[in-house]
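Student: I'd like to learn how to read a fold element by element. Could you walk me through this one?

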Amino acid sequence: FLTQKLSWNLITTFPHHTFNWQGLDGTQILVHFPPEDTYNGQARVEDVLKIIKNNKSDAISSDCLMLFGNGDGGGGPKEEMLERLNRMNNLECIGQKLELSTPTILFNKLNEKQKEYPVWNGCLYLEGHRGTYTTHAHIKRGNRKGEILLRRLEFLCTIVHTIFADKDDYPHIKLENFWKILLVNQFHDILPGSCIKDVADDAIESYDILLNEVSSCIKEYELKLHSSFKSLDHRNHAVANKYIINPSSWSRVYPMLHNKEIKIIEIPSFSVKYINDNTLSLLPSNPVGYYVKVIDLEHQIMIGNGMISLYIDRYSGLISKMIDHRCNDRDIITDQANRFVLYEDIPFYWDAWDAEIHHLQKKSNSLIKSKVKIITDSGVSAVIQVETQLSKLCFIKQTISLTVGSSRIDFNCEVDW
């Protein structure tokens with residue numbers, strides 16, 4: 001493994017340039033950090049002398065790599081760089097042989113003394129660029145939506161292909177092209193948000209096209225699936241026009257109203273199930289009180305389903321209590337939850353890339369007034385909306401949802417920044 005990124009650490013200086021990196025399972029790989037601490041070396045005398053002086057692993061081997069040339073689209077090595085390197089082989093002050101080589105050749109040499117190099121256990125953490133994943137939310141959304149939709153499409157295609165047993169029905173080429181678009185945009189400067197504007201614009205456009213085309217294919221295969229079920233002999237099922245698809249890798253339980261009763265249907269992972277009297281079942285008898293209740297108190301709104309109860313402040317949207325009725329009515333939060341906080345974000349160098357540790361000391365507690373209202377109170381589910389105004393133009397609109405027969409609380413946030 002080769003990288004020079006950790007030379008950018010703001011605080012910690014990494015102690016080695018060549019070492020064995022050990023994982024959690026005890027396996028090791030040989031790692032080399034080029035001692036010049038850059039991938040844009042200019043191949044000057046002072047650069048080579050820095051490498052020789054800076055190499056922390058020269059007691060074992062003086063072999064190391066210099067990454068020279070104008071990177072990041074700058075054109076690579078220039079003629080004068082190559083000429084300087086050639087001439088430096090005749091300088092006494094250098095004291096080492098310089099030769100054009102490859103990482104593979106270097107690692108072959110370093111491997112001869114691999115057991116002599118120190119071992120580093122655990123994570124190699126870069127103390128920098130910790131804010132890139134806050135940049136270009138539309139790119140993050142396009143990537144995640146693309147992954148989710150492609151997974152769903154592949155699942156549907158597999159089911160339809162299995163039912164029809166038709167090799168030509170599986171869209172190999174189309175799926176491959178979809179994945180190529182998605183994976184190209186996972187390049188390390190596009191997905192994090194550290195690319196230039198033109199690249200970001202191209203990525204957003206390609207995501208829009210990808211999501212539209214994949215969504216169309218999903219509808220196409222859902223119709224194929226529906227028609228294939230209609231054509232099958234359902235001797236073991238009552239006539240049903242509705243079914244639920246579970247493309248997840250875990251089983252799921254769905255509550256619903258059926259013939260004026262709240263019932264549930266459990267669907268195994270990677271499967272499809274019809275909705276009818278044979279597949280639906282009544283809620284378990286314990287614990288009692290599975291219906292979702294909403295109680296509008298003077299200063300709070302309480303939502304609960306016999307398993308979990310939440311107390312939401314009417315004026316701030318903060319959750320003051322979260323009672324777990326399965327554990328002797330224990331309050332599982334020690335302070336107010338669901339608090340939105342703003343931090344001042346002024347990094348040392350790269351505005352769109354970094355979030356520095358000192359931002360934690362510059363917190364704003366101005367987000368205290370919110371509009372809270374009940375959106376859904378059906379017995380099957382309860383939805384509370386919390387809208388917080390950040391400024392005249394910016395807001396956070398959040399929904400807090402609880403469903404029958406489930407201890408999971410869903411928070412969905414829409415941010416207009």
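Student: Let's begin with α3. Which strands does α3 lie across, and at what angle does it run to β2?

Tutor: Keep in mind that this is a predicted model. Here α3 lies across β1 and β2, and its direction makes an angle of about 120° with β2.

Student: Which residues of α3 are buried?

Tutor: Helix α3 spans residues 103-110, and its buried residues are Leu 106, Phe 107 and Leu 110. They sit on the same side of α3, because they cover an arc of only 95° around the axis. As for what they touch, the buried residues of α3 pack against β1 (18-22) and β2 (28-32).

Student: And how do I read the sheet under discussion? What is the strand order?

Tutor: The general idea: strands of a sheet pair through backbone hydrogen bonds, either parallel or antiparallel. In this case three strands make an open sheet, ordered β2-β1-β3, with mixed pairing. At the edges are β2 and β3 (119-121), each of which pairs on one side only. From one strand to the next, the twist averages 35°.

Student: How many bridges join β1 to β3?

Tutor: Three bridges join them, and the two strands run parallel. For a residue pair to click on, take Trp 21, whose bridge partner in β3 is Trp 120.

Student: Let's move on to helix pairs. What numbers describe two packed helices?

Tutor: You give the angle between their axes and the distance between the axes. Try helix α4 (residues 137-164) with helix α5 (residues 172-184): their axes come within 10 Å and cross at roughly 165°. The two helices are therefore roughly antiparallel to each other. The crossing of α4 past α5 is left-handed.

Student: Which residues of α4 and α5 meet?

Tutor: On the α4 side there are Gly 142, Asn 143, Gly 146, Glu 147, Leu 150, Leu 153 and Glu 154. Facing them from α5 are Leu 175, Phe 178, Trp 179 and Leu 182.

Student: Now hairpins. How many residues lie between β10 and β11?

Tutor: Three residues lie between these strands in the hairpin, and Gly 306 in the turn has a positive phi of about 85°. Five bridges join β10 (residues 300-304) to β11 (residues 308-313), and the strands run antiparallel. Within that ladder, Ile 301 stands opposite Ile 312 in β11.

Student: What does β11 form with β12?

Tutor: A hairpin again, with five residues between the strands, and Gly 317 in its turn has a positive phi of about 80°. β11 and strand β12 (residues 319-324) are joined by five bridges and run antiparallel. If you want a pair to inspect, Tyr 311 has Lys 321 as its bridge partner in β12.

Student: Both of those turn residues are glycines. What sign of phi do most other residues have?

Tutor: Most residues other than glycine have a negative phi. Ala 43 goes the other way, with a positive phi of about 60° although it is not a glycine. Look for Ala 43 in the loop between β2 and α1 (45-54). Asn 328 also has a positive phi, near 55°, and is located in the loop between β12 and β13 (330-331).

Student: Is Ala 43 buried or exposed, and is Asn 328 buried or exposed?

Tutor: Ala 43 counts as buried, because its relative accessibility is 0%. Asn 328 counts as exposed, because its relative accessibility is 77%.

Student: One more sheet, please. In what order do the strands from β16 to β19 come?

Tutor: The four strands form an open sheet in the order β16-β17-β18-β19, with antiparallel pairing. β16 (370-377) and β19 are the edges, each with a single partner strand, so one side of each has no neighbour in the sheet. Ignoring direction, neighbouring strands here are turned by 15° against each other on average. Nine bridges join β17 (residues 381-389) to β18, and these run antiparallel. Val 383 has Ser 401 in β18 as its bridge partner.

Student: Where does Val 404 lie?

Tutor: In the loop between β18 (395-403) and β19 (409-416). Val 404 is buried, with a relative accessible area of 3%. Its C-alpha atom is separated by 32 Å from that of Ser 227, and the two residues are 177 residues apart along the chain.

Methods
Residues are numbered from 1 along each chain as its sequence is written. This is a predicted model: local features need pLDDT of at least 70, side-chain atom pairs count only at pLDDT 80 or more; totals for chains, interfaces and linings use all residues. Side-chain values use heavy atoms; hydrogens and water are left out. Buried means under 20% relative accessible area, exposed over 50%, partly exposed in between (1.4 Å probe, protein chains only). The arc is that of the directions from the helix axis to the C-beta atoms. Contact means heavy atoms within 4.5 Å. Two strands pair if DSSP finds at least two bridges between them. Axes are lines fitted to C-alpha atoms, for helices over the stretch in contact, and angles run from 0 to 180 degrees between N-to-C directions. Angles under 35 degrees count as roughly parallel, over 145 as roughly antiparallel, 65 to 115 as roughly perpendicular and the rest as oblique. A crossing is left-handed if the near helix is turned anticlockwise from the far one by less than a right angle, and right-handed if clockwise.
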